[in-house]
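Here are my notes on this one, as numbered points. Have the viewer open while you read.

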Amino acid sequence: MCGIVGYKGKQQPKDFLLEGLKNLEYRGYDSSGIALKNDDEIQIIRSVGKISSLEEKVNNENLINCSMGIAHTRWATHGIPSEENAHPHRVGNVTLVHNGIIENASELKEELLKDNVIFNSETDTEVACAIINKYYEGNAVEAINKAIKVLKGSYAFCIFFEDSDKLYAVRKDSPLIIGYGEEEVYVASDIAAIISYTNKYSLIEENEIVEIGDRVTVTLDGNVVNKEVLTATISADSKDKCGYEHYMLKEIMEEPLVLEKTLKPYIDNLDKLPDLTEYEEIHIVACGSAMYAGMIGKTLIEENTNLRVTVEVASEYRYKKVIYDRKTLVILISQSGETADTIAAMRKAKMAGIETLAIVNVVGSTIARESGSQLFIEAGPEIAVATTKAYMLQVAMLSLLAYKAALSSGLVNDSVMNEIKIVPRMVREILDRRDDYLEIAKSIYDRDDIFFIGRKIDYAVSMEGSLKLKEVSYIHSEAYQAGELKHGTISLVDDGTPVISIITDKDIKEKTISNVQEVKARGAKCIIISNEEITGYDHLIQVPEMSDFFQPLVVVPCLQLIAYEVAKLRGCDIDKPKNLAKSVTVE
Ligand code: F6R
């Protein structure tokens, strides 16, 4: 989703700003822009499409001599992707970039129009800019403070004023950090933007106003706040593709390594994990792939304990009536820790006095900081928009939680523990079979519809397989409980329609095979992923047989690599699928 970088120092900011934007490309965007400022002039350059087209424009301009600038990648919310709607926006004295959504923009715009303010875009951002300008009478901090009392919604702003040589920043419900270099200060929505310049940074808290002149001053309601300087642990080279053609492939290939890192602290030591059996009910709340990881968690917990588990899409959970009449734990799952709906769901549970546990990747993110307790996955930075390794680790963490709960319930023995040690090796073996996935991809990549079927845990796994395929390859795909397809959707199955069946649950295997027969009889191309040898179909990927708890971990990489190979054969922009954003910081 949108990205922000800002610079104040001694250099011409152009190179930093463009590199910062490139580092944020992974978040997803459709237009971009930069604004430069010196004592006499403000120069704004904006462009639709890739950063490379902005870069070309910037390089063709006679740039002003300056040492301060702001830049932005926009993911359209209010108004189409266009040069007019791209940031930075300027109204009167104020030039700014914005992440988030101003929810009362249309009311405010009506008022501003009465004051004859002229708008050049359809954006809520330009309204925010006009509001700050309205309150500006020479004191920037005062104007920002007044404006944020009026603006509703979420925002991270990086701002400069025509008659001031200082840079300003403020945020609410959308992340922003300040980075410290040698006589240089950076502002960014994400540490990835600035990590090749500095690893020293501070987190900006809600409604703190940052003023960057010769020194950095942070105030909250007029009171000076001393910021802790943190050291980022991600390295600049985590942004390298390490020879892989795409980040998605690199990140899938990293799975054995990150699994090892994530699982290691818990091998022979489950004490560090919460015991879910202390609760009467578990709510797992998340969005997208993280929610699908939750579906696997639910199945594993319910099948192996007597606990009740619900999985809810965060955008629904935050608004629906939720009855908390039992001792409940709300588990939030989020790679970024910044997904707006998941944050809202977490806050709802907390407001109701309910315990929250976050499974999260990004240390220092909002969910990591605000949740009651945290389990960190060790995915490192995930650059491809479509999640792979982080999803894998979310599943692994839930498998551990389910296993511990099952042990506490006395429903399994501890021999399963030994399997944790071999999971990374098993996954590596699965990843090594690239030719098999390519062969399957070649047989399905030109189809319009692809179906995934499975029962119970296999259905839970297939949902993410389907999502991954559709988001990177743009092929319509759906996942079905194997027994459900015939209640309608089977009408779409005809000659050559690919149906990918996951069959690892032995108790229900025969039933799923009957459903495969049903689609085969209607001409489907049948691809089976199973932990047994099942013959008589078009393709079989045989995965190692594992305990229930860890079986999904050897199926997931097959689905991810099939999606990757299909997308590659179709020539898709694999790391940045159209319309998608990495960190969905708006509702
Ligand atoms: C799909 C994908 C998304 C995310 C979802 C939640 O590949 O990446 O569905 O899983 O937007 O994001 P996080 O985990 O950051 O809360």
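1. A word on terms before the layout: the domain bounds used here come from an automatic or database domain assignment. On that basis the protein splits into domain 1 (3-238), domain 2 (240-428) and domain 3 (433-574). Keep in mind that this is a predicted model.

2. How far apart are the C-alpha centres of domain 1 and domain 3? The answer is 45 Å.

3. Now the ligand. Its surroundings consist of 13 residues, where a residue counts if one of its heavy atoms lies within 4 Å. The closest are Ser334, Gln335, Ser336, Thr339 and Glu471. Sorted by class, that shell has seven polar, four nonpolar and two charged residues.

4. Which helices each supply at least two residues of the shell? They are α8 (288-304) and α15 (457-473). Of these, α8 gives the largest share of the shell, with three residues.

5. If you want polar contacts to check, begin with the backbone. A backbone N or O atom of Gln335 sits 2.6 Å from an oxygen atom of the ligand. Thr387 also takes part through its backbone, with a polar atom 3.0 Å from a ligand oxygen. From a side chain, Lys468 places a polar atom 2.7 Å from an oxygen atom of the ligand. As for cover, the ligand taken alone exposes 410 Å², and the protein buries 90% of that.

6. Where does the ligand sit among the pockets? The space it takes is the second largest pocket.

7. Two backbone details deserve a look in the viewer. As background, most peptide bonds are trans, and most residues other than glycine have a negative phi. The bond joining His87 and Pro88 is cis, with omega at about 0°. Pro88 belongs to the loop between β4 (68-74) and β5 (89-91).

8. The other backbone detail is Lys456, which has a positive phi of about 50° although it is not a glycine. Where along the chain is Lys456? Look in the loop between β21 (449-454) and α15. That same helix, α15, is one of those supplying at least two residues of the shell around the ligand.

Technical notes
Residues numbered from 1 in each chain as written. Predicted model: local features only at pLDDT ≥ 70, side-chain atom pairs only at ≥ 80, totals over all residues. Heavy atoms only, no water. Polar contact = N/O pair within 3.5 Å; in protein donor to acceptor, adjacent residues only side chain to side chain. Areas by Shrake-Rupley, 256 points an atom, 1.4 Å probe, with all protein chains shown as cover. 1 Å grid on protein atoms, 1.4 Å probe; cavity = no way out; pocket = protein on both sides within 12 Å on 5 of 7 lines; lining within 4 Å. Sits in = over half its atoms within 2 Å of the grid points. Helix = DSSP H or I, 4+ residues; strand = E, 2+ residues; numbered from the N terminus. Nonpolar A, V, L, I, M, F, W, Y, C, P; charged D, E, K, R; others polar.
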